[in-house]
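User: Could you take a close look at the empty space inside this model, and describe what lines it and which parts of the chain contribute?

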Amino acid sequence: MMETNTAFRQFIRYTIPNVCGMIGLSCYILADTFFVARGLGADGLAALNLAIPVYSFIHGSGLLLGMGGATRYSIFRGQKAHQAADQVFSHVLHGAALLSVLFLGLGLFLSGPIAALLGATEEVFAMTRTYLQVLLLFSPAFLLNDILICFVRNDNGPRLAMAAMLAGSFANILMDYLFIFPLHMGIAGAVLATGFAPVIGVGIISRHFIQKKNHFSYDKKVPLSLGQFLPVVSLGMSSLITELASGIVMIVFNILILGLTGNVGVAAYGVVANLSLVVTSIHTGIAQGLQPIASRACGQGDRTAMEQVLRYAMGVMLLLSLGIYVAFLALADPIVSCFNSAQDGQLQQIGTVGLKLYFTAMPFAGANIILSMYMASVAKPLPAQIISLARGLLVILPAAILLARLLGMTGVWLAYPVAEGLVTGIGAALYICRNVNKTVH
């Protein structure tokens, strides 16, 4: 059994680097929003917001492989099955190669149709297509970066994983400024800065291999076996669902808002949605911090450590969520002003109201993200997938459509907290029914 103090120290050791790294990762999307808003105005902001769902899908695919593979890797290590643990990494890289071919093909041949499908109007179509094409062409770097960060974090390298995420993020912010303003590259500059970030991250995290600290390696002789690969997909599916669903929700919200307030409303939603990426990254960082500990404890059959790390994660999440929401209430107007370079009164009013309503969801969203990750971490993928699907699609979409029809923009903003609150109830019921504290598979 793991001592309480030891469990807490391990939780802090993994969580703080993860939260910092995830904040940095989300901040480069926020930097895109800021610099695009300043350099290209509301049309550029609308184009960026329309393209972000594709980023969510690429990043979600990386987490599908990375989190699923790293979870399985940690469980095997906890069971002392070192050969099986080593083979997981090879299977994950094979899967990444197949996905890379798919994404590259979409970028080369279908970026225009995808932009149209996402709802890009004539005014923003060219910018949206450019952003999508470059983003998809950088997809192999995004996938590899996500995979290496997840595996190195689970291989006793949480600080190096954090350093890789932060280095890429800070470089992206610097390149955003240089490409958009001094070099006048427009939307292409913004997406190039985003695309170079994972390249830098991969360079930083390669230190784990150069210094020979890795307990896993790629073996090209390991064939891709569905029997070995499907458990990776199963354990990582909730991470993909979370990212993919956020993109789908953004598409639906964009369509609803376009019908209610036009491109100005989409731009205002872009501000709120990108701030939401930062907040969600904090919750995700906490969830990813518990994952290596919970997975290893699961492999060792240590139920006490599993319970402890879940309690720590929920407690930290609630404290941070309360503090962030108080800050948003006090600073909503100046926060929106930072992204409203044209001082558009309608954008300012819609965004300020939205900020205050939308983020009442924080404690519920945090609880759902953490519980879903916990379930996957202890080899219970089905409850994790149910929570992710419920919060990402099955509850939020009907709530958004219904509330938008009844309450207009106010309904759009309230759909998120209403849906997350309902899913928290579903998650609590699943946790009790599955009795994860008593049964370890």
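Analyst: What follows goes through the enclosed cavities, then the open pockets, and then some residues and a helix that belong to the same picture.

The model is a predicted one, and every value below is computed from it. A search of the whole structure finds six cavities of 30 Å³ or more, and the largest of these cavities has a volume of about 620 Å³. Its lining is made up of 34 residues, and those nearest the centre are Thr 242, Glu 243, Ser 246, Leu 277 and Thr 280. The elements that each give two or more residues to this lining are H1, H9, H12, helix H13 (381-394) and H15. The largest share comes from H9, with 17 residues. Sorted by class, the lining of the largest cavity holds 17 nonpolar, 14 polar and three charged residues.

Turning to the open spaces, the largest pocket holds about 230 Å³. It is lined by 13 residues, and the closest to its centre are Pro 53, Val 54, Phe 57, Ile 114 and Leu 118. Two or more lining residues come from each of helix H1 (4-78), helix H2 (82-109), helix H3 (111-117) and helix H9 (226-300), and H9 gives the most, with four residues. The lining of the largest pocket divides by class into twelve nonpolar residues, one polar residue and no charged residues.

The second largest pocket has about 180 Å³ of space. Twelve residues line this pocket, with Leu 310, Met 314, Leu 371, Ala 428 and Tyr 431 closest to its centre. Helix H10 (303-338), helix H12 (362-377) and helix H15 (409-434) are the elements that give two or more residues to the lining of the second largest pocket. That lining has six nonpolar, four polar and two charged residues.

H12, which gives residues to the lining of the largest cavity and to that of the second largest pocket, can be described further. This helix has 16 residues and reaches 22 Å from its first C-alpha to its last, close to the 22 Å expected at 1.5 Å a residue. Because 14 of its 16 residues are buried, H12 is largely enclosed by the rest of the structure. The helix is followed by Ala 379, a residue whose phi is positive, near 65°.

H1, which gives residues to the linings of the largest cavity and the largest pocket, also holds two residues that can be followed individually. Thr 15 lies in helix H1 and, with a relative accessible area of 4%, is buried. Its side chain reaches the backbone oxygen of Phe 11 at 2.7 Å, and, leaving aside residues up to four places away in sequence, Thr 15 touches Gly 285, Ile 286 and Gly 289. Ala 31 is also placed in helix H1 and is buried, its relative accessible area being 8%. Not counting residues up to four places away in sequence, Ala 31 touches Asn 172, Ile 173 and Asp 176. Between Ala 31 and Gly 411, which are 380 residues apart in sequence, the C-alpha to C-alpha distance is 28 Å.

A loop residue completes the account. Phe 339 lies in the loop between H10 and helix H11 (345-358), and with a relative accessible area of 9% Phe 339 is buried. The C-alpha atoms of Phe 339 and Met 22 are separated by 22 Å, although the two residues are 317 residues apart along the chain.

How values were computed:
Residues numbered from 1 in each chain as written. Predicted model: local features only at pLDDT ≥ 70, side-chain atom pairs only at ≥ 80, totals over all residues. Heavy atoms only, no water. 1 Å grid on protein atoms, 1.4 Å probe; cavity = no way out; pocket = protein on both sides within 12 Å on 5 of 7 lines; lining within 4 Å. Points joined across faces, edges and corners; volume = space filled by probe spheres on them. Nonpolar A, V, L, I, M, F, W, Y, C, P; charged D, E, K, R; others polar. Buried < 20%, exposed > 50% of the residue type's maximum accessible area, 1.4 Å probe, protein only. Polar contact = N/O pair within 3.5 Å; in protein donor to acceptor, adjacent residues only side chain to side chain. Contact = heavy atoms within 4.5 Å. Expected span 1.5 Å × (residues − 1).
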